[in-house]
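Subject: The two-chain model, handed over

Hi,

Here is the structure I promised to pass on to you. Please have it open while you read, as my notes on what turned up follow just below.

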There are 2 protein chains.
Amino acid sequence: MLGNFSYSNPTKLYFGEDSLNYLNEELPKYGKNVQLAYGGGSIKKNGIYDKVMEILKANGKNVFEDGGVMPNPTVEKLYEGVKIAREHKVDLILAVGGGSVCDYAKAVSISVHCEEDPWEKYYLRMEDVDNEIIPVGCVLTMVGTGSEMNGGSVITNHETKLKIGHVFGENVFPKFSILNPTFTFTLPKYQMTAGFFDIMSHILEQYFSGEDDSTSDYIMEGLLKSLIHSSRTAIKNPADYEARSNIMWIATWALNTLVAKGKTTDWEVHMIGQSIGAYTNATHGMTLSAVSLPYYRFLLPYGLQKFKRYAVNVWDVNPDGKTDEETAEEGLSCMESYMKELGLVMNIRELGVTEEMLPGIADGTFVMEGGYKVLTHDDIITILKKSM
Amino acid sequence: MLGNFSYSNPTKLYFGEDSLNYLNEELPKYGKNVQLAYGGGSIKKNGIYDKVMEILKANGKNVFEDGGVMPNPTVEKLYEGVKIAREHKVDLILAVGGGSVCDYAKAVSISVHCEEDPWEKYYLRMEDVDNEIIPVGCVLTMVGTGSEMNGGSVITNHETKLKIGHVFGENVFPKFSILNPTFTFTLPKYQMTAGFFDIMSHILEQYFSGEDDSTSDYIMEGLLKSLIHSSRTAIKNPADYEARSNIMWIATWALNTLVAKGKTTDWEVHMIGQSIGAYTNATHGMTLSAVSLPYYRFLLPYGLQKFKRYAVNVWDVNPDGKTDEETAEEGLSCMESYMKELGLVMNIRELGVTEEMLPGIADGTFVMEGGYKVLTHDDIITILKKSM
């Protein structure tokens with residue numbers, strides 16, 4: 001564990017099949033006006049909307065609807081949500097959905113009392129939040145982003161083709177999150193597996209960085225092995241409670257700050273994926289799956305020992321009689337087989353990327369400094385071409 | 001992940017070589033009167049006492065000394081500490097030491113405003129705390145118990161030969177804990193390795209329970225592998241920052257409630273160890289090391305698959321061509337070699353236990369129900385005899 005750091009996480013989690021009932025414990029802590037943020041309406045079909053509304057009404061809340069949050073929440077939708085919150089002086093924003101809805105709820109929560117344009121202040125200029133923040137609670141229906149227990153919030157501006165994620169401090173974390181694994185059972189397979197890979201990518205972005213021996217890496221190896229095991233079960237039987245509950249828990253702990261403590265981290269796959277997302281509006285997890293292997297194969301010579309360790313400790317590759325390169329490459333081959341087994345998107349063409357878009361995507365990719373190589377513009381083009 | 005549960009942990013951690021400086025951020029949050037709890041005075045020799053006092057004074061605090069907290073804090077000492085806190089109306093109890101000092105500080109914190117005898121109410125009757133609690137902060141100088149980020153508090157009554165641990169709720173958790181790995185460098189080897197095994201035992205007590213596939217078990221395997229690796233480095237070079245910092249972090253996460261979430265747990269080794277501790281006043285971690293292997297060998301047939309998994313995933317035992325029993329036993333043999341390498345106490349005779357004490361120790365052992373077998377009185381005697 002390197003460096004000096006502080007750790008605390010203020011989000012309270014309620015987990016399990018009956019966890020929605022805990023909403024009755026949380027709601028009385030907040031005022032009467034609740035902004036209910038949700039996505040395209042699947043929660044109306046599967047009954048979660050009705051259950052949540054019933055609890056809100058039973059607790060005497062005035063509910064202000066804020067549906068239609070899109071998979072990559074836009075800056076226009078953010079302005080809309082802020083308007084609702086201001087008009088009705090909301091006391092709590094309750095996000096019911098996946099990571100996008102949670103991200104969006106956080107974006108609204110910090111923007112309501114922001115006197116400037118929040119997109120410019122909090123996303124373009126990446127400033128800390130210095131105004132009042134409306135509390136956020138989450139009822140998770142889709143796993144992957146970890147947004148339910150962190151300060152992350154990604155907003156997309158289609159006009160300028162920028163998809164920017166800002167990781168805010170603890171004051172922006174949700175106050176509580178309700179994690180009911182059964183709420184994730186009805187998700188279509190494409191979204192489900194995209195979420196699984198999003199989780200894997202969150203772990204790998206933190207794992208593939210640094211040369212030191214850190215307990216965080218061992219914890220991540222455990223999370224990866226559990227994820228691989230449970231996701232293989234879940235694609236066969238999406239209603240396997242044991243598997244889905246493990247995955248839900250892994251998603252939260254993969255990105256709630258713990259495993260990054262005392263470590264450097266990378267996040268370049270997310271930077272490339274977000275730039276692709278701004279051009280194509282593709283599902284986030286699939287942008288990550290489509291570029292991960294080309295990126296890691298490009299990176300392998302620069303972080304050889306870690307890639308070897310990954311092969312042995314996560315994919316059970318036997319290193320006997322092999323060069324380090326061979327062992328490391330075998331690890332990535334195992335990962336490739338696993339990704340195909342899950343049916344993930346393995347190239348960016350399938351996401352709608354054309355040759356002509358590549359320079360723009362590369363231009364829109366933020367270059368991080370914590371990975372095993374700081375990418376040049378040419379490196380990004382090379383990786384994107386290999387991803388086609 | 002099984003069952004319904006909530007998770008949150010209010011303790012703020014400050015980690016690293018310079019983490020004592022963060023005391024300047026925490027102290028202003030509390031009133032002027034600080035009770036300074038510490039042990040036998042080693043902090044006066046290694047300079048930590050002076051550094052803490054300097055910061056306390058710089059923050060304008062009135063310091064009330066409460067030294068002499070013994071390795072197994074007694075009920076008499078608890079009464080003494082409560083007297084100090086009441087007399088000086090203390091606003092904060094600052095524990096500077098290891099787990100015993102933290103445990104003690106928590107015991108005092110809940111007893112100051114308790115109108116009954118706190119030993120009877122909180123340890124014998126195990127009641128929840130319903131009175132005001134004095135806030136506790138910790139500066140850790142010894143790792144093992146995880147007391148810096150949980151609600152555990154063990155108090156010993158030598159008169160009745162009872163050593164009782166009560167795991168209190170979040171309101172009893174320390175408000176903040178300062179974890180500086182360099183503060184642990186000067187600890188004598190016996191205490192250091194006892195602490196290492198205490199950590200291992202905390203993990204194993206939670207690992208060896210349940211038949212389901214739980215992410216918590218994968219996390220624990222990661223923690224165990226990191227602990228085994230770093231402790232082997234630390235016994236060769238106690239001032240290896242990387243190793244000691246990893247161990248400090250593992251100790252906290254082994255017992256701050258995370259890895260027990262969604263799991264059943266055992267804790268029988270601790271129950272036997274605590275009963276031995278009440279008879280001998282032996283170092284806690286060594287009571288655990290002396291009984292662990294006899295206990296786990298006794299338990300092996302009842303939890304065969306988990307012991308096999310432990311062998312393969314933690315000790316890298318190759319199961320090919322072996323029966324499950326052989327693989328599982330080989331795992332425990334690896335554990336035995338490791339324990340001998342660390343120089344741990346491997347039998348209870350060395351801790352001062354005599355044949356005559358065995359029935360009393362067995363009588364004083366609480367029987368838990370989460371392990372792979374609920375022990376009978378005879379079972380406990382059998383395990384104790386094997387530990388002689």
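Before the figures, one definition: buried area here is the accessible area, taken with a 1.4 Å probe, that two parts lose on being put together, summed over both. Please also keep in mind that this is a predicted model.

**Between the chains**

With that definition, chain B and chain A bury about 3,500 Å² between them, and 55% of this area is on carbon and sulfur atoms. In terms of contacts, 41 residues of chain B meet 41 residues of chain A. What does the interface hold in the way of salt bridges and polar contacts? The rule finds 0 salt bridges across the interface of chain B and chain A, but 21 residue pairs in polar contact, with both residues at pLDDT 80 or more.

Which elements of chain B face chain A? Strand S1 (5–15), helix H8 (215–236) and helix H9 (241–254) of chain B each give two or more residues to that side. S1(B) provides the largest share, 10 residues. Sorted by class, the side of chain B that touches chain A has 16 nonpolar, 16 polar and 9 charged residues.

The strand S1 of each chain deserves a look on your screen. S1(A) and S1(B) pair in the antiparallel sense, over 7 bridges. To find your place along the pairing, start from Phe5(A), which stands opposite Phe15(B) in S1(B).

**Inside chain A**

The domain assignment splits chain A into domain 1 (12–183) and domain 2 (190–386). Their C-alpha centres lie 27 Å apart. Between them, domain 1 and domain 2 of chain A bury about 2,200 Å², with 67% of it on carbon and sulfur atoms. Three residues, Val143(A), Lys161(A) and Lys163(A), supply 28% of the area that domain 1 buries against domain 2, more than any other three residues. Counting contacts, 26 residues of domain 1 of chain A touch 24 residues of domain 2 of chain A.

The count between these two domains is 0 salt bridges, alongside 6 residue pairs in polar contact, both residues at pLDDT 80 or more. On the side of domain 1 that touches domain 2, the elements giving two or more residues are strand S1 (5–15) and strand S7 (162–167) of chain A. S7(A) gives the most, with 4 residues. By class, that side of domain 1 has 12 nonpolar, 10 polar and 4 charged residues.

**Salt bridges**

Over all chains, the count comes to 32 salt bridges. One to look up is in chain B, where the side chains of Glu341(B) and Arg232(B) meet at 3.1 Å, N to O. Glu341(B) sits in helix H13 (residues 324–342) of chain B and Arg232(B) in helix H8 of chain B, so this salt bridge ties together parts that are 109 residues apart in sequence. Helix H8 of chain B also appears above, among the elements that give two or more residues to the side touching chain A.

Happy to talk it through whenever suits you.

Best wishes

How values were computed: Residues are numbered from 1 along each chain as its sequence is written. Chains are lettered from A and ligands numbered from 1 in the order in which they are written. This is a predicted model: local features need pLDDT of at least 70, side-chain atom pairs count only at pLDDT 80 or more; totals for chains, interfaces and linings use all residues. Side-chain values use heavy atoms; hydrogens and water are left out. Domain bounds come from an automatic or database domain assignment. Contact means heavy atoms within 4.5 Å. A salt bridge is a side-chain nitrogen of Lys or Arg within 4 Å of a carboxyl oxygen of Asp or Glu. A polar contact is a pair of N or O atoms within 3.5 Å; within protein, one must be able to donate a hydrogen and the other to accept it, and residues adjacent in sequence count only if both atoms are side-chain atoms. Ala, Val, Leu, Ile, Met, Phe, Trp, Tyr, Cys and Pro count as nonpolar, Asp, Glu, Lys and Arg as charged, and the others, Gly among them, as polar. Two strands pair if DSSP finds at least two bridges between them.
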